[in-house]
Amino acid sequence: MLMSGSPAPRMEFEDTTGRPWRLADHNGEHSVLLYFMRSTSCPVCNRHARDLVARRNEFDDSNVRVVIAIPEDRETGAAWKAKHGIPFPVLVGGAATPHESIGLTRKVFGSMQQSGTLLVDPDGVIRHIHGATVPLNGYDRKGILAAIRG
């Protein structure tokens, strides 16, 4: 089970252009905030993504790189990223979704993808982790900002 203060798991995905993305590539450079959306069609998740975009300068000033992970395929992710003007990398999985790498599964008879956030510091240590089945609770802005400040 992932917990704050524990080492981050190995994470290797691809972005919407097909390029590999590895969490370990960011070690020693900056913190990484991963937001795991329930789906690109979820209005609540889209609102959370807009908040991340609106706070981009705040994250940059704190040396935090934001990445958004989606459960859909590359083509869906690329279209969503372009339509919404998302400036962050958007990650998709290969054989499994990025969500599964941190234990965010499908609940309610396998029909509802969990969403959540993961903040990893430059040393590869988890500083904040949060997951939820109800979309309204998947983005813990106060907890993220407190972890960044801490």
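# A guided tour of the predicted model

**The whole chain.** Begin with the full chain in cartoon view: it holds four helices and nine strands. The model is a predicted one. Read from the N terminus, the elements follow the order β-β-β-α-α-β-α-β-β-β-β-β-α. The radius of gyration is 14 Å, close to the 15 Å that the globule rule gives for 150 residues, so the chain is as compact as a globular protein of that length. Its C-alpha trace spans about 35 × 30 × 30 Å along the principal axes.

Switch to a surface display next. The chain exposes about 7,600 Å², and carbon and sulfur atoms supply 50% of that area. Of the 150 residues, 45% are buried. Among contacts with a separation of 6 or more, 61% are made by residues 24 or more positions apart.

**The sheet.** Return to the cartoon and select the strands of the open sheet. Seven strands lie in the order β2-β1-β5-β4-β3-β8-β9, and their pairing is mixed. At the edges are β2 (20-22) and β9 (126-132), each of which pairs on one side only. Neighbouring strands are turned against each other by 30° on average, direction ignored. As background, the strands of a sheet pair through backbone hydrogen bonds, in either the parallel or the antiparallel sense.

**Strand β3.** Select residues 31-36. Towards one neighbour, β3 pairs with β4 (residues 64-69) in the parallel sense over six bridges. Within this pair, S31 stands opposite V64, and L33 stands opposite V66. Towards strand β8 (residues 115-120), β3 runs antiparallel, and five bridges join the two. Here V32 is found opposite V120.

Now show the side chains of β3. In a regular strand, side chains alternate between the two faces of the sheet. S31, L33 and Y35 lie on one side of β3 and V32, L34 and F36 on the other, and all are buried. With six of its six residues buried, β3 is therefore largely enclosed by the rest of the structure.

**Strands β8 and β9.** Move to residues 115-120. β8 is also mostly covered, with six of its six residues buried. S115, T117 and L119 point one way from the strand, whereas G116, L118 and V120 point the other way. Then add β9: six bridges join it to β8, and the two strands run antiparallel. V120, already seen opposite β3, has I126 as its bridge partner in β9. The two strands form a hairpin with five residues between them, and G124 in the turn has a positive phi of about 80°.

**Residue S6.** Keep the hairpin displayed and select S6, which is placed in the segment before β1. Its contacts, leaving aside neighbours within four places in sequence, are G124, V125 and I126. A polar atom of the S6 side chain lies 2.5 Å from the backbone oxygen of M3. The relative accessible area of S6 is 18%, and this residue is buried because the limit is under 20%.

**Helix α3.** Select residues 74-84 next. Helix α3 lies across β1 (12-15), β4 and β5 (90-92), and runs at about 165° to β5. At its start, a side-chain oxygen of D73 reaches to within 3.3 Å of the backbone nitrogen of E75. After the helix comes G85, with a positive phi near 60°.

**Helix α4.** Proceed to residues 141-149. The buried residues of α4 include G143, I144, L145 and A147. An α-helix has 3.6 residues a turn, so residues three or four places apart point the same way. The buried residues of α4 pack against β3, α2 (56-61), β8 and β9.

**Residue H48.** End the tour at H48, which is located in helix α1 (residues 43-54). Its relative accessibility is 6%, so H48 counts as buried. Show the surrounding side chains: not counting residues up to four places away in sequence, H48 touches Y35, P135, L136 and Y139. Of these, Y35 has already appeared as a buried residue of β3. To finish, pick the C-alpha atoms of H48 and G138: they are separated by 8.8 Å, although these residues are 90 apart along the chain.

Notes. Residues numbered from 1 in each chain as written. Predicted model: local features only at pLDDT ≥ 70, side-chain atom pairs only at ≥ 80, totals over all residues. Heavy atoms only, no water. Pairing = 2+ DSSP bridges. Axes fitted to C-alpha atoms, helices over the stretch in contact; angles between N-to-C directions. Contact = heavy atoms within 4.5 Å. Polar contact = N/O pair within 3.5 Å; in protein donor to acceptor, adjacent residues only side chain to side chain. Rg over C-alpha atoms; globule rule 2.2 N^0.38 Å. Buried < 20%, exposed > 50% of the residue type's maximum accessible area, 1.4 Å probe, protein only. Areas by Shrake-Rupley, 256 points an atom, 1.4 Å probe, with all protein chains shown as cover.
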